[in-house]
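Subject: The structure we talked about

Hi there,

Here is the structure I promised to pass on. Please have it open while you read, and my notes on what turned up in it follow right below.

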Amino acid sequence: YEDFCLHIFDDGSTDATAEILQEYQTMCPNRIKVCFNDQNFGCTRNFLNGLKTVYEEVTGDDATQSDMTDSATGKQHVETKHYFMFCDQDDIWYPEKLSITQKAMRRLEKKYGSDVPLLVFTDAVVTDANGEEIAPSFIAQNKLNPYAVSTARILTENKCIGCTSMMNEELVQLLTKVPEQARYHDWWMALLATSFGRMSYLNRKTLLYCQHENNVVGVQKFTSYVKQRLFSLKKQKEMLLATQQQAAEFLAIYGEVLTEEKAKVIKSFATLSEQSFMNRRINVLRYGFFKTGLVRNIGLLLII
């Protein structure tokens, strides 16, 4: 699938990145668009600010229509609907990544309606910096359940691999404000999807997820994950508090438009640290604030 545009947001590079990007933009001015931030946003806010900026650009009054091929009929037609994907600069996409994910998105739109906010995400092959396989599946390596995507579960644990995800316009238009407390950009968009629409996992690998010593966000072996949490309970409590702060900001931004039921769930999670010892554990069980697997949930109950 070739009808796409690549938007790049440079967050203050100090090497030759700017020159390289400008060269590529000159070669492909209709395909590659580069923006140089006037301040450093950091990974999460740069992604979300970029997503919001691109949405406003492509859906504005002067946005142009594009010709797309219908995957079912093969016929060309004018399409004004846009889809959005995060692209990490160090990953390698499979050639069919766009088409596979778009087909999954359109199946969701057919099932739930094209006016519903939707997010699709997939699996990935984990490799080292040289492209050598470390693990055949990101999901399996991290022992995640990608089908457990209720609001309560996403509040507690991020399942979405951002660089594999696709979002429709209805989801991205909900990004009315770039948050300060979001832990990760994909986590924030997953919260929006589960709170206002649907989030769905496609069991396919669509890219090579490259790991190296300079990764801003990466993966670790599950055994390392367990050891880290056993020997750093203080740090885990701090991370849980940060996750609650993320939920609190989400509620502050969207509280007035959430359903009463969703708002109640999010408020309960956001205020866990303010609740009594017993009420914290009761609410974990009541609303299902669980992570994937027994080990993670034992750790959660220890630190909550």
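Trp188, Phe196, Phe250 and Tyr254 come together as one aromatic cluster. Please keep in mind, here and below, that this is a predicted model. In total, the count of aromatic pairs comes to ten. One of them is formed by Phe121 and Tyr201, with 5.3 Å from centre to centre and 45° between the planes, a tilted arrangement. This pair links distant parts of the chain, since Phe121 belongs to strand 7 and Tyr201 to strand 10, 80 residues apart. Are these two residues, Phe121 and Tyr201, buried or exposed? Both are buried. Tyr287 and Phe289 also form a pair: their ring centres are 5.6 Å apart and their planes meet at 35°, so this pair counts as tilted. Phe289 has a relative accessible area of 1% and is therefore buried.

Two rings have a charged group over them. Lys97 lies over the face of Trp93, 3.5 Å from the ring centre. For Phe277, the charged end of Arg281 sits over the ring at 3.8 Å from its centre.

Now to the strands, with strand 7 as the place to begin. Strand 7 covers residues 118-127, and ten of its ten residues are buried. Which strands does strand 7 pair with? Strand 10 (residues 198-210) runs parallel to strand 7 and is joined to it by nine bridges. In that pairing, Val125 stands opposite Leu208. Strand 9 (residues 166-168) runs antiparallel to strand 7, with two bridges between them, and here Val120 faces Met166. Strand 8 (residues 133-135) is antiparallel to strand 7 as well, again with two bridges; Val126 has Ala135 as its bridge partner there. Strands 7 and 8 make a hairpin with five residues between them, and Gly131 in the turn has a positive phi of about 85°.

Next, the nonpolar interior. The largest nonpolar core has 58 residues, and the members that touch the most others are Leu119, Met167, Trp188, Met189 and Met199. Which helix gives the most to this core? That is helix 7 (residues 185-196), with seven residues. There is also a second, separate core of ten residues, with Ile100, Ala104, Met166 and Leu202 among them. You will recognise Met166 as the residue opposite Val120 in the pairing of strands 7 and 9. Likewise, Trp188 from the list for the largest core is a member of the aromatic cluster I began with.

Helix 10 (residues 260-270) is worth a look too. Its buried residues are Ala263, Val265, Ile266, Ser268, Phe269 and Ala270. What covers them? The cover includes helix 5 (151-156), helix 7, helix 9 (233-254) and helix 11 (277-287).

Two single residues caught my eye. The first is Asn46, which is found in helix 2 (residues 43-58). Why does Asn46 count as buried? Its relative accessibility is 12%, and the cut-off for buried is under 20%, so Asn46 falls on the buried side. The side chain of Asn46 makes a polar contact of 2.8 Å with the side chain of Asn37. Leaving out residues up to four places away in sequence, Asn46 touches Phe9, Asp11, Asn37 and Phe41. Asn37 is thus both a polar partner and one of the residues touched.

The second is Lys143, in the loop between helix 4 (138-141) and helix 5. With a relative accessible area of 45%, Lys143 is partly exposed. Lys143 and Gly293 are 150 residues apart in sequence, while their C-alpha atoms are 7.7 Å apart in space.

Finally, some totals for the chain. Twelve helices and ten strands are present. Of the 304 residues, 47% are buried. Among contacts with a separation of 6 or more, 72% are between residues 24 or more positions apart.

Best wishes, and happy browsing!

Notes
Residues are numbered from 1 along each chain as its sequence is written. This is a predicted model: local features need pLDDT of at least 70, side-chain atom pairs count only at pLDDT 80 or more; totals for chains, interfaces and linings use all residues. Side-chain values use heavy atoms; hydrogens and water are left out. Buried means under 20% relative accessible area, exposed over 50%, partly exposed in between (1.4 Å probe, protein chains only). Helices (H or I, at least four residues) and strands (E, at least two) are DSSP runs, numbered from the N terminus. Two strands pair if DSSP finds at least two bridges between them. A nonpolar core is a set of buried Ala, Val, Leu, Ile, Met, Phe, Trp, Tyr and Cys residues joined through side-chain atoms within 4.5 Å. A polar contact is a pair of N or O atoms within 3.5 Å; within protein, one must be able to donate a hydrogen and the other to accept it, and residues adjacent in sequence count only if both atoms are side-chain atoms. Contact means heavy atoms within 4.5 Å. Rings of Phe, Tyr and Trp (its six-membered ring) pair if their centres lie within 6.5 Å; planes under 30 degrees apart count as stacked, over 60 as edge-to-face and the rest as tilted. A charge sits over a ring if NZ of Lys or CZ of Arg is within 6 Å of the ring centre and within 35 degrees of the ring normal.
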